[in-house]
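Let us take a walk through this structure together, one neighbourhood at a time. Please keep the sequence and the 3D view side by side as you read.

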Amino acid sequence: MQYHPIKTEYINPFVESVTTVFKTMLSLDVRRGTLYVKDGFQPSLEITGVIGLSGVAKGSVLLGMSKTVAITATEILLGEKMTTIDGNVVDAVGELTNMIVGGAKAKLESLNLSIGLPTVVVGKNHTVVFPTGIHPIGIPFESDAGAFCLEVSLVDS
């Protein structure tokens, strides 16, 4: 099995985009934790936005959140109280994922990336499997709303 490394220069635009989107859209400052290489099928958080990318590089990006973070983000975006994960929360997580990936795409112009439509997966201990040989970079974040994680698997085509 061949291992496909993820280039460091592909990661920073995603970190910058998370910081910008959370500050601009949610008025939340975020603190990045220690990056790690995801290996295996560790469960994701309770709700995950997934977007595929293709172009000079290909891969996918996941934005994983706990129920609390997802509901808080939706409340901030919509200006109304939420109590459970519903269609509004799913839409909000998909849109945040889309904004983060779109912001990073703008900084990775040389890759000529196309972005797919976001998919949102809901449920405790769900897993999202990446293609064989691709080990995504996990980027944990902390905010006043709670912890969340971005996983980036972007490798040269």
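The paragraphs below go from strand pairing to aromatic rings, then to one serine and a pair of helices. Please bear in mind that this is a predicted model.

A good place to begin is strand E7, which covers residues 137-143. Of its 7 residues, 5 are buried, so E7 is largely enclosed by the rest of the structure. Which strands does E7 pair with? Strand E1 (residues 30-32) is joined to E7 by 3 bridges, and the two run antiparallel. Here you can find Arg-31 standing opposite Glu-142. Strand E2 (residues 36-37) also runs antiparallel to E7, with 2 bridges between them, and Tyr-36 stands opposite Gly-138.

The next partner of E7 is strand E8, at residues 146-156. These two strands are antiparallel as well, joined by 7 bridges, and they form a hairpin with 2 residues between them. To follow the ladder by eye, look for Ile-137 of E7, whose bridge partner in E8 is Val-152. Further along, Phe-141 has Phe-148 as its bridge partner in E8.

Staying with E8, is this strand mostly covered or mostly open? E8 is mostly covered, since 9 of its 11 residues are buried. Besides its pairing with E7, E8 is joined to strand E4 (residues 57-65) by 9 bridges, again in an antiparallel arrangement. One position to look up is Ala-57, which stands opposite Asp-156 in E8.

Now turn to the rings. How many aromatic pairs does a search of the whole structure find? The search finds 2. In one of them, Phe-22 and Phe-148 are stacked, with 4.3 Å from centre to centre and 5 degrees between the planes. This pair links distant parts of the chain: Phe-22 belongs to helix H1 (residues 12-26) and Phe-148 to strand E8, 126 residues apart. Both Phe-22 and Phe-148 are buried. The rings of Phe-141 and Phe-148 have centres 5.2 Å apart and planes at 10 degrees, so this pair is stacked too. Phe-141 and Phe-148 are both buried. Taken together, the ring pairs link Phe-22, Phe-141 and Phe-148 into a cluster.

Back in strand E4, have a look at Ser-60. Why does Ser-60 count as buried? Its relative accessible area is 14%, and the cut-off for buried is under 20%. Leaving aside residues up to four places away in sequence, Ser-60 touches Ile-51, Gly-52, Phe-130, Glu-151, Val-152 and Ser-153. Val-152 is the residue we met earlier as the bridge partner of Ile-137.

Our last stop is a helix pair. At what angle do helix H2 (residues 67-78) and helix H3 (residues 87-107) pack? The angle is about 85 degrees, and the axes are 9 Å apart. H2 and H3 are therefore roughly perpendicular to each other. On the H2 side, the contact is made by Ala-70, Ile-71, Ala-73, Thr-74, Leu-77 and Leu-78. These meet Asn-88, Val-89, Ala-92, Val-93 and Leu-96 in H3. Sorted by class, the contact has 9 nonpolar and 2 polar residues, with no charged ones.

Definitions and conventions:
Residues numbered from 1 in each chain as written. Predicted model: local features only at pLDDT ≥ 70, side-chain atom pairs only at ≥ 80, totals over all residues. Heavy atoms only, no water. Axes fitted to C-alpha atoms, helices over the stretch in contact; angles between N-to-C directions. Helix = DSSP H or I, 4+ residues; strand = E, 2+ residues; numbered from the N terminus. Parallel < 35°, antiparallel > 145°, perpendicular 65-115°, else oblique. Contact = heavy atoms within 4.5 Å. Nonpolar A, V, L, I, M, F, W, Y, C, P; charged D, E, K, R; others polar. Buried < 20%, exposed > 50% of the residue type's maximum accessible area, 1.4 Å probe, protein only. Pairing = 2+ DSSP bridges. Phe/Tyr/Trp six-rings, centres within 6.5 Å; stacked < 30°, edge-to-face > 60°.
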